[in-house]
Structure formats: C-alpha cells, structure tokens
Amino acid sequence: MARKAPEPVQVVKQRRDAALSALVHGVPYIQWLGVQFDRRGDELTAVLPFHEELIGNPFLPAIHGGCTAAFLEITAMITLNWTWLWPDIESGKLDAQEMAAGKLPRLPKTIDFTVDYLRSGLPRDAYARAFVTRSGRRYASVRAEAWQDNRDKPFAQATAHFLMPRDENG
C-alpha cells in the first residue's frame with residue numbers, strides 16, 4: 001500500500017497562518033491593542049507594539065497595568081486555543097477558511113486570572129509567551145510572562161485557568 005505524499009510546505013504554512021489569524025481576529029480588543037503573533041512551527045510569541053495610548057502613568061512613563069494584564073491574558077488565551085486546536089488544524093479536521101469566515105469551534109473560557117507586576121512596562125514594544133502547564137477535559141492551567149528588552153527580565157507574569165468546552169459526546 002502506497003503512503004500518502006506529504007502536503008507541500010506552503011500549503012501547511014498557509015493553513016496554520018489562516019487558523020491563527022482566525023483565532024486572533026475573532027477578538028476585537030486584540031485588534032484595538034494591536035497585539036500580533038509571531039509563529040514558528042507550533043510556538044507563538046505575542047508582540048504588543050508600543051503606541052502612546054498604552055501609557056497609564058505619563059510621569060514615569062509606564063504602560064497601563066490593565067493593558068499589561070490584557071496582553072498577558074490574550075497571550076494565554078490564544079496560546080491555549082492554538083495548542084488545543086493544533087491536532088485538528090494539522091489534520092485538516094478544522095477548515096481554516098471556515099474559521100476565517102467566523103465559524104470557530106467552541107473555545108475555552110477564562111475562569112480566573114492572576115497577574116504579578118514585577119516592574120514598570122517601559123514605553124517600547126513588549127513580548128510575551130505562554131505555556132500550557134495542564135490541559136485536561138474540564139480545565140486548563142496556563143502560565144504567561146511578558147518582557148521587553150531582555151527575556152530573562154520579565155516585567156509581568158500571569159497564571160490563568162480556563163474552563164474547557166465539552167465535546168459533542170460529553
């Protein structure tokens with residue numbers, strides 16, 4: 001029995017990019033903040049490009065704590081969704097064009113979110129990564145951290161818990 005030929009790399013990349021774009025563009029606040037995601041394989045890095053509207057304290061100046069928290073929650077949420085949906089995106093079970101048209105599967109919902117502010121966010125671009133520490137049938141735990149100039153010196157970190165959607169059978 002002959003093995004199925006692998007898909008061309010550009011087809012795989014287009015499907016992954018379209019699926020990620022659908023997840024990101026499904027939340028208008030992500031667009032307002034200007035958060036973007038740099039994808040390398042299955043790894044995501046969130047980027048918050050600096051703009052003046054992010055400043056909360058003009059005397060320091062420092063990025064508003066609410067923007068920092070939103071940036072971390074967005075990073076955790078998108079990373080969890082990406083990790084959770086990855087097998088269905090890769091297999092083609094989820095159609096990236098349908099996702100782009102707004103037909104997204106049921107996604108996890110935030111249960112709680114805790115932020116540790118470690119230092120002021122400076123008026124410059126910020127980056128964040130999230131790590132799924134547990135993903136079960138009912139809930140998931142995600143840890144996120146944000147940095148600016150040096151990844152080893154985060155300015156904020158967060159822990160989030162999400163309620164996972166039940167499948168059609170349970």
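**Exercise 1.** In which strand is T114 found? Classify its exposure and list its contacts.

*Solution.* The model is predicted: local features need pLDDT of at least 70, side-chain atom pairs count only at pLDDT 80 or more, and totals for chains, interfaces and linings use all residues. Residues are numbered from 1 along each chain as its sequence is written, and side-chain values use heavy atoms, with hydrogens and water left out.

Step 1. T114 lies in strand β5, residues 109–117. Strands (E, at least two residues) and helices (H or I, at least four) are DSSP runs numbered from the N terminus.

Step 2. Buried means under 20% relative accessible area, exposed over 50%, and partly exposed in between (1.4 Å probe, protein chains only). T114 has a relative accessible area of 46%, so T114 is partly exposed.

Step 3. Contact means heavy atoms within 4.5 Å. Not counting residues up to four places away in sequence, T114 touches Q157, A158 and T159. The C-alpha atoms of T114 and H161 are 9.2 Å apart, although 47 residues separate the two along the chain.

**Exercise 2.** Is R129 buried or exposed, and with which side chain does its side chain make a polar contact?

*Solution.* Step 1. R129 is in strand β6. Its relative accessible area is 17%, so R129 is buried.

Step 2. The side chain of R129 makes a polar contact with that of E43, at 3.4 Å. A polar contact is a pair of N or O atoms within 3.5 Å; within protein, one must be able to donate a hydrogen and the other to accept it, and residues adjacent in sequence count only if both atoms are side-chain atoms.

Step 3. Leaving aside neighbours within four places in sequence, the residues in contact with R129 include E43, L44, T75, R143 and W147.

**Exercise 3.** Describe how α1 and α3 pack.

*Solution.* Step 1. The angle between α1 and α3 is about 140°, and their axes are 11 Å apart. Axes are lines fitted to C-alpha atoms, for helices over the stretch in contact, and angles run from 0 to 180 degrees between N-to-C directions.

Step 2. The angle makes α1 oblique to α3. Angles under 35 degrees count as roughly parallel, over 145 as roughly antiparallel, 65 to 115 as roughly perpendicular and the rest as oblique.

Step 3. Residues making the contact include R16, A19, L20 and L23 of α1 and W82 and I89 of α3. W82 touches R16, A19, L20, L23 and I89, among others, not counting residues up to four places away in sequence.
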